[in-house]
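Please look over the fold below. This report follows one helix into its surroundings and then turns to confidence.

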Amino acid sequence: MSRERSLATGVPRSRRLRRRDRYALVAASLTAVSLTASGCVVVHGEREVLPAATKAEAVKAVEQFTTAYNKADAAYDSSLDADHTAGALRVIDEARLKAGHVTDPKGNPDHEPLVLSDVKYTIVEKAGWPRWFVADAKGSKGGDARWLMAFTRGALSEPWRATYLTLVAPGSVPRFDLDADGHAEAVPADSTGLAMAPAELSKGYTAYLKSGKGAFADGAFTSALRATRAKNATRPGLATQYIDQPLTEGDYAPLTLRTADGGALVFFSSHHFTKQTAAAGAAVPTPNRNVAALTTGEIKQSLTMEFVANEVALAPAKGAGGGKVSLLSRLEGLTGAEGA
């Protein structure tokens, strides 16, 4: 790593220095006002490097999300958790609830409350908005997988929203580079110190899915996904086409934490279309009821399905790890469909 570290603490020297005499300001709040002999001095949250939240605030945010998620799932009503979701997770969740409401307008007959336990919080320290933190929890759904979530807030007046959600294997979340106060470092989107800049990850990944070329390690969400697509594309009587697009703006922007080995963990989003076209005299496979609930138009010869995915990846430091980005998890949801 290029940053100078203390041999005694392992904490980057630059981070330790900027912490001196600062936490008196943090305690006052992100927009604290300190009276001086000459008047009022405002501490601007958009410029000052501060922890995104306190531990208590992060705990409350996860609890509020879980409560809202359960209410929305039970009623199949996306308005009940709209204030607690954003980005890729929001559009996936909205579509799922919309389909459920179409198929079961009285509510979810199979609802089982989500319970999150053993929650581990990683609070990021940074200047500017959005502020964000990560929650890594054991969920009552998803088997043994851990629920890895990123919560964001665009201003003090806004609620915390779950923006990214992926399910990861136990033990796969890396150790983060934490300072003496236990806070994580946010890596800039345009960082040049990684195998791939976070801002380029969505573009690079969607290009890789098309060509197979790029700095991505083989795995279930890279080489294996491409192999599955190739197999589907050659089914007799049914042509399957794929279009992949990056999602990088606003609530879809990547979120990146520095890992202890000098690399980074990156949350990012992507946009996908799958078009199935039947040969003359053949038929497009009948979609299941959830796909049908989101389908507009009449399926005569083709069905185009739209998906949004959120991924989490490990980007090694430049020159390390073989220079390949590894995808830890990918959660994709159908957001719409059109027949023709």
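Helix H3 covers residues 55–75 in this predicted model. Its 21 residues, at 1.5 Å each, should span 30 Å, and the end C-alpha atoms lie 31 Å apart, so the expected and modelled lengths agree. Tyr76 follows H3 and has a positive phi, near 50°.

One face of the story is burial. Among the buried residues of H3 are Ala58, Ala61, Val62, Phe65, Tyr69 and Asp73. The polar Thr66 and Asn70 are buried as well. The buried residues of H3 pack against one helix and four strands, tabulated here.

| Partner of H3 | Residues |
|---|---|
| Helix H4 | 87–103 |
| Strand S4 | 116–126 |
| Strand S5 | 131–139 |
| Strand S6 | 146–153 |
| Strand S7 | 161–168 |

Next, the nonpolar cores. The largest holds 20 residues. Phe65, Leu116, Phe133, Trp147, Met149, Phe151 and Trp160 touch the most other members. H3, S4, S5, S6 and S7 each supply at least two residues of this core. H3 gives the most, with five. A second, separate core has 16 residues, including Tyr208, Ala264, Ala313 and Leu327.

What does Trp147 touch, beyond four places in sequence? Its contacts include Tyr69, Leu114, Leu116, Ala135, Leu165 and Leu167. Asp136 and Lys141 are also among them.

Finally, confidence. The chain averages a pLDDT of 89, and 86% of the residues score at least 70. Residues 1–45 stay under 50. The model has 79 contacts beyond four places in sequence for that stretch. Where pLDDT is low, predicted coordinates should not be read in detail.

Technical notes:
Residues are numbered from 1 along each chain as its sequence is written. This is a predicted model: local features need pLDDT of at least 70, side-chain atom pairs count only at pLDDT 80 or more; totals for chains, interfaces and linings use all residues. Side-chain values use heavy atoms; hydrogens and water are left out. pLDDT is the predictor's confidence in each residue, from 0 to 100. Contact means heavy atoms within 4.5 Å. The expected span of a helix is 1.5 Å times one less than its number of residues. Buried means under 20% relative accessible area, exposed over 50%, partly exposed in between (1.4 Å probe, protein chains only). A nonpolar core is a set of buried Ala, Val, Leu, Ile, Met, Phe, Trp, Tyr and Cys residues joined through side-chain atoms within 4.5 Å.
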